[in-house]
Amino acid sequence: MIKFILFSLLFWLSFLSTAQYAKEIFPLNRRYRTFGVYINPELNYNLGLGETSESENTDSSSYSYTVSPSGEFGIGVEVGAFYNFKNQRLVHLLEAGLSYKLYKGTAEHKGQYEDKDSKKDFESSNRLNISILAFTLRAKNVTELGSNQIITNAVGLNLNYTLHERYNRSEPYPLIEESFPDELNLQIHYEFGYGFKAVSYTHL
């Protein structure tokens, strides 16, 4: 919640600072297009959420375990189109895209199985791979920093569909069910960007 408030504050501050540059941002003349397509390569990192401990109990046995996750780098690519509004106020660009994302992660699993007759320890190094197809709709605000540099703030929605998920264990253990994201889910996201013009009259 705190992160969302901070992101929202940055977005509004960016909008207020844009007012004096409004006529300069993506001017609608022959140098710029009001509509076009884009390709965005992506490098992502799946953050671990900290160590968690759980317990599964039945009438005759129990299995207590601890999971320590850690992230790995993944890749992705987004292809889409943008529209540059003529009356630029809060929103300067509207983007719609389709993307493929591959997320990776690892987790160390340590558990202890116990019943009335025995006790046994388990350890496993697990690997997670999730492939997602996402449709994204994004509203973007642009602020010029001088004549050649820009920063962007954007808020958007993405509808995610899980294409493939795999969870590999190095060693078996009694816990059968592993949790995965829902096959279809809707998310809200915030995006911050920095860019510069390599040439003064570059076409966008």
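The following exercises work through the fold, strand pairing, aromatic rings and cores of a predicted model.

Residues are numbered from 1 along each chain as its sequence is written. Because the model is predicted, local features need pLDDT of at least 70 and side-chain atom pairs count only at pLDDT 80 or more, while totals for chains, interfaces and linings use all residues; side-chain values use heavy atoms, with hydrogens and water left out.

**Exercise 1. Describe the secondary structure and burial of the chain.**

Step 1. The chain holds 1 helix and 8 strands; helices (H or I, at least four residues) and strands (E, at least two) are DSSP runs, numbered from the N terminus.
Step 2. Their order along the sequence is α-β-β-β-β-β-β-β-β.
Step 3. Of the 204 residues, 32% count as buried. Buried means under 20% relative accessible area, exposed over 50%, and partly exposed in between (1.4 Å probe, protein chains only).
Step 4. Among contacts with a separation of 6 or more, 72% come from residues 24 or more positions apart. A contact means heavy atoms within 4.5 Å.

**Exercise 2. Trace the pairing of strand 7 with strand 6 and strand 8.**

Step 1. Two strands pair if DSSP finds at least two bridges between them.
Step 2. Strand 6 and strand 7 run antiparallel and are joined by 20 bridges. Leu-145 stands opposite Gln-149 in strand 7.
Step 3. The hairpin of strand 6 and strand 7 has 3 residues between the strands, and Gly-146 there takes a positive phi near 75°.
Step 4. Strand 7 also pairs with strand 8 (residues 184-196), in the antiparallel sense over 13 bridges. Leu-159 has Leu-186 in strand 8 as its bridge partner.

**Exercise 3. Place Tyr-161 in its surroundings.**

Step 1. Tyr-161 belongs to strand 7 (residues 149-169).
Step 2. Its relative accessibility is 35%, so Tyr-161 counts as partly exposed.
Step 3. Leaving aside residues up to four places away in sequence, Tyr-161 touches Ser-131, Ile-132, Leu-133, Glu-183 and Leu-184.
Step 4. Tyr-100 is 61 residues from Tyr-161 along the chain, and their C-alpha atoms are separated by 9.8 Å.

**Exercise 4. Classify the ring pairs that involve Tyr-63.**

Step 1. A pair of aromatic rings is described by the distance of the centres and the angle of the planes. Rings of Phe, Tyr and Trp (its six-membered ring) pair if their centres lie within 6.5 Å; planes under 30 degrees apart count as stacked, over 60 as edge-to-face and the rest as tilted.
Step 2. The whole structure contains 3 aromatic pairs. In one of them, Tyr-63 and Tyr-65 are stacked, with 5.8 Å centre to centre and 25° between the planes.
Step 3. Tyr-63 and Phe-122 form an edge-to-face pair, at 6.0 Å centre to centre and 70° between the planes. Tyr-63 lies in strand 3 (residues 61-71) and Phe-122 in strand 6 (residues 119-145), so this pair ties together parts that are 59 residues apart in sequence.
Step 4. Tyr-63, Tyr-65 and Phe-122 form one aromatic cluster. Relative accessibility is 4% for Tyr-63, 11% for Tyr-65 and 16% for Phe-122, and each of these residues counts as buried.

**Exercise 5. Find the nonpolar cores.**

Step 1. A nonpolar core is a set of buried Ala, Val, Leu, Ile, Met, Phe, Trp, Tyr and Cys residues joined through side-chain atoms within 4.5 Å.
Step 2. The largest has 7 residues: Tyr-63, Tyr-65, Val-67, Ala-107, Phe-122, Tyr-173 and Leu-175. Strand 3 gives the most to this core, with 3 residues.
Step 3. A second, separate core has 5 residues, including Tyr-38, Leu-93, Val-142 and Ile-150.
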